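This report examines salt bridges, an enclosed space and a few individual residues. The sequence and the model are shown below.

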Amino acid sequence: MDDDAILITQLNDFIFCPASIYFHQLYGGMDNMLFQDKSQIDGKNAHKAVENGVYSSRKNILQGISVYSEKYNLMGKIDLYDGDKAELIERKKKIKTIYDGYVFQIYAQFFALIDMGYKVDKLFLYSMDDNKKYEIPLPCDNLPMFHKFEQTIMDMRNFKLDNFVQTNIQKCEHCIYAPACDRVQNDIGQRY
Ligand code: SF4
């Protein structure tokens with residue numbers, strides 16, 4: 001990945017499996033139709049409501065805008081930013097566990113907004129199905145997580161697909177790219 005800009009959505013993909021980023025790029029938009037399971041499509045639709053401006057028309061709410069962090073060379077979109085409260089919110093269809101990938105995504109959005117001159121005092125993950133809101137401490141208030149975030153970005157920049165073999169069978173079993181993947185563990189790969 002070297003010095004290319006990293007997409008914010010790739011942080012979560014990388015934690016799940018670094019190889020999945022390459023398949024995502026390879027299949028482009030086609031994977032939405034062919035490979036995504038229902039929960040992933042539901043999640044995308046939740047974001048579509050935001051991007052289409054369904055959620056709010058208040059002027060102090062920014063929805064789905066593109067952001068860029070010069071410091072980390074990260075780019076992507078935010079979900080919701082409330083300028084009055086200086087709050088950044090990332091909505092998910094349903095949050096059962098707060099995975100590191102979720103936290104890294106909102107950190108990336110946070111740093112991008114800061115780099116672009118916005119004030120952000122609070123971060124939230126919002127689970128739409130059960131209407132639960134989880135406050136995520138700012139990176140400066142959770143240094144171990146902040147260091148993990150920076151380490152993940154460094155790992156992404158140094159990652160080489162050629163040397164990679166996925167050793168976690170369970171990940172491959174739940175992966176939409178397994179039928180096409182040659183990095184899959186042998187005993188799983190032989191099924192396809
Ligand atoms: S099938 Fe396994 S190795 Fe291939 S992308 Fe999915 S999780 Fe990674």
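Which helices each supply at least two residues of the lining of the largest cavity? They are helix H2, spanning 18-27, and helix H7, spanning 169-173. The coordinates come from a predicted model.

**The cavity**

One cavity of 30 Å³ or more is present in the structure. The largest cavity encloses about 100 Å³ of space. Its lining consists of 13 residues, and those closest to the centre are Cys17, Gln166, Cys172, Cys175 and Cys181. By class, the lining of the largest cavity comprises nine nonpolar, two polar and two charged residues.

**Salt bridges**

The structure contains five salt bridges. Three of them are listed here with the distance between nitrogen and oxygen.

| Basic residue | Acidic residue | N to O distance |
|---|---|---|
| Lysine 92 | Glutamate 90 | 3.3 Å |
| Lysine 119 | Aspartate 121 | 2.6 Å |
| Arginine 183 | Aspartate 182 | 3.4 Å |

Are the partners in these pairs buried or exposed? In the pair formed by lysine 92 and glutamate 90, lysine 92 has a relative accessible area of 13% and is therefore buried, since the limit is under 20%. Glutamate 90 has a relative accessible area of 4%, so this residue is buried as well. In the pair of aspartate 121 and lysine 119, aspartate 121 is partly exposed, with a relative accessible area of 37%. Lysine 119 is exposed because its relative accessibility of 53% is over 50%. For the bridge between arginine 183 and aspartate 182, aspartate 182 counts as exposed, at 60% relative accessibility.

**Surroundings of arginine 183**

Arginine 183 is located in the loop that runs between H7 and helix H8 (186-189). H7 is also one of the helices that supply at least two residues to the lining of the largest cavity. The side chain of arginine 183 takes part in two kinds of approach to oxygen. With the side chain of aspartate 182, arginine 183 makes a polar contact of 3.4 Å, and the pair also qualifies as a salt bridge. In addition, the arginine 183 side chain reaches the backbone oxygen of leucine 161 at 3.3 Å. When neighbours within four places in sequence are left aside, arginine 183 is in contact with Ala19, Leu161, Asp162, Phe164, Val165 and Gln166. Among these, Gln166 is also one of the residues closest to the centre of the largest cavity.

**Surroundings of lysine 92**

Lysine 92 belongs to strand S6, which covers residues 87-92. Apart from residues up to four places away in sequence, lysine 92 touches Tyr102, Gln105, Tyr126, Ser127 and Met128. The burial noted above, at 13% relative accessible area, applies to this residue, and its salt bridge is with glutamate 90.

**Surroundings of alanine 5**

Alanine 5 sits in the segment before strand S1 (6-7). This residue is partly exposed because its relative accessible area, 30%, is neither under 20% nor over 50%. Which residues does alanine 5 touch, not counting residues up to four places away in sequence? The contacts are Asn73 and Met75. Alanine 5 and methionine 75 are separated by 70 residues in sequence, while their C-alpha atoms are 6.6 Å apart in space.

Methods
Residues numbered from 1 in each chain as written. Predicted model: local features only at pLDDT ≥ 70, side-chain atom pairs only at ≥ 80, totals over all residues. Heavy atoms only, no water. Salt bridge = Lys/Arg side-chain N within 4 Å of Asp/Glu carboxyl O. Buried < 20%, exposed > 50% of the residue type's maximum accessible area, 1.4 Å probe, protein only. 1 Å grid on protein atoms, 1.4 Å probe; cavity = no way out; pocket = protein on both sides within 12 Å on 5 of 7 lines; lining within 4 Å. Points joined across faces, edges and corners; volume = space filled by probe spheres on them. Helix = DSSP H or I, 4+ residues; strand = E, 2+ residues; numbered from the N terminus. Nonpolar A, V, L, I, M, F, W, Y, C, P; charged D, E, K, R; others polar. Polar contact = N/O pair within 3.5 Å; in protein donor to acceptor, adjacent residues only side chain to side chain. Contact = heavy atoms within 4.5 Å.
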